[in-house]
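Subject: A structure for you to look at

Hi,

Here is the structure I promised to pass on to you. Have a look at it first, and then read on for what turned up.

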Amino acid sequence: MKFTGVVCIAFVIVLVSALAPTKAVLEEKAECIPTELLSCLPAIQTGSQPTADCCGKLKEQESCLCGYIRNPLFSQYVTSENAHKTLASCGIPYPTC
């Protein structure tokens with residue numbers, strides 16, 4: 001009986017240890033939430049200078065841009081000439097997907 005308890009405790013410790021790095025990696029990856037980029041819409045639609053908030057959100061979601069390009073709902077916004085200008089103004093290179 002004691003041996004089974006020790007094995008169970010060891011299993012739980014190994015399981016928790018294995019999940020800890022996975023959680024840390026997930027926390028580093030940006031969440032792709034397109035609605036957070038609404039502050040960029042005026043710059044993308046009109047070619048105006050993007051706001052600091054827009055540039056900050058674009059930098060946070062830079063890893064999401066290829067996903068937005070592939071998504072038919074968002075690609076028209078991300079692939080437009082004004083989107084290229086907005087990214088350049090924010091110092092973000094246009095992604096090669």
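Before we start, one term: two residues are in contact when they have heavy atoms within 4.5 Å of each other. Please also keep in mind that this is a predicted model.

Let's begin with the overall layout. The protein chain has six helices and zero strands, so read from the N terminus its elements simply go α-α-α-α-α-α. Of its 97 residues, 24% count as buried. If you take the contacts in the chain with a separation of 6 or more, 66% of them are between residues 24 or more positions apart.

Now turn to helix α6, which has a buried side and an exposed one. Asn82, Ala83, Thr86 and Leu87 are its buried residues. Looking down the axis of α6, you would find these buried residues within an arc of 140°, so they line one face of the helix. Glu81 and Ala88, on the other side of α6, are exposed. What covers the buried residues? The cover includes α2, α3, α4 and α5.

Asparagine 82 is a good residue to click on in this helix. Why does it count as buried? Its relative accessibility is 17%, and the cut-off for buried is under 20%. If you set aside the neighbours within four places in sequence, asparagine 82 is in contact with Ala43, Ile44, Gln45, Thr46 and Gly47. Just after α6 there is one more thing to spot: glycine 91 has a positive phi of about 75°.

Next come the charged pairs. Side chains of opposite charge can pair when their charged atoms come close. How many salt bridges does the structure hold? There are two.

One of them is formed by lysine 57 and glutamate 36, with 4.0 Å between the closest N and O atoms. Lysine 57 sits in helix α3 (residues 52-60), while glutamate 36 is in the loop between α1 (2-28) and α2, so this pair ties together parts that are 21 residues apart in sequence. Both partners are partly exposed: lysine 57 has a relative accessible area of 22%, and glutamate 36 has one of 30%.

Another salt bridge joins lysine 85 to glutamate 81, where the closest N and O atoms are 3.7 Å apart. These two residues are four apart in helix α6, so about one helical turn separates them. Lysine 85 is partly exposed, at 42% relative accessible area, whereas glutamate 81 is exposed, at 58%.

Finally, there is the empty space. Rolling a probe the size of a water molecule over the atoms shows where such space is left. The largest pocket holds about 310 Å³ of it. Sixteen residues line this pocket, and those closest to its centre are Pro34, Leu37, Ile44, Tyr77 and Val78. Which elements give two or more residues to the lining? They are α2 (41-46), α4 (65-70), α5 (75-78) and α6 (81-89). The largest share, three residues, comes from α6. Sorted by class, the lining has 14 nonpolar residues, two polar ones and no charged ones.

When you open the model, you could start from α6, since we have met this helix in its buried face, in a salt bridge and in the pocket lining.

Happy exploring, and write back with any questions!

Key
Residues numbered from 1 in each chain as written. Predicted model: local features only at pLDDT ≥ 70, side-chain atom pairs only at ≥ 80, totals over all residues. Heavy atoms only, no water. 1 Å grid on protein atoms, 1.4 Å probe; cavity = no way out; pocket = protein on both sides within 12 Å on 5 of 7 lines; lining within 4 Å. Points joined across faces, edges and corners; volume = space filled by probe spheres on them. Nonpolar A, V, L, I, M, F, W, Y, C, P; charged D, E, K, R; others polar. Salt bridge = Lys/Arg side-chain N within 4 Å of Asp/Glu carboxyl O. Buried < 20%, exposed > 50% of the residue type's maximum accessible area, 1.4 Å probe, protein only. Arc of directions from axis to C-beta.
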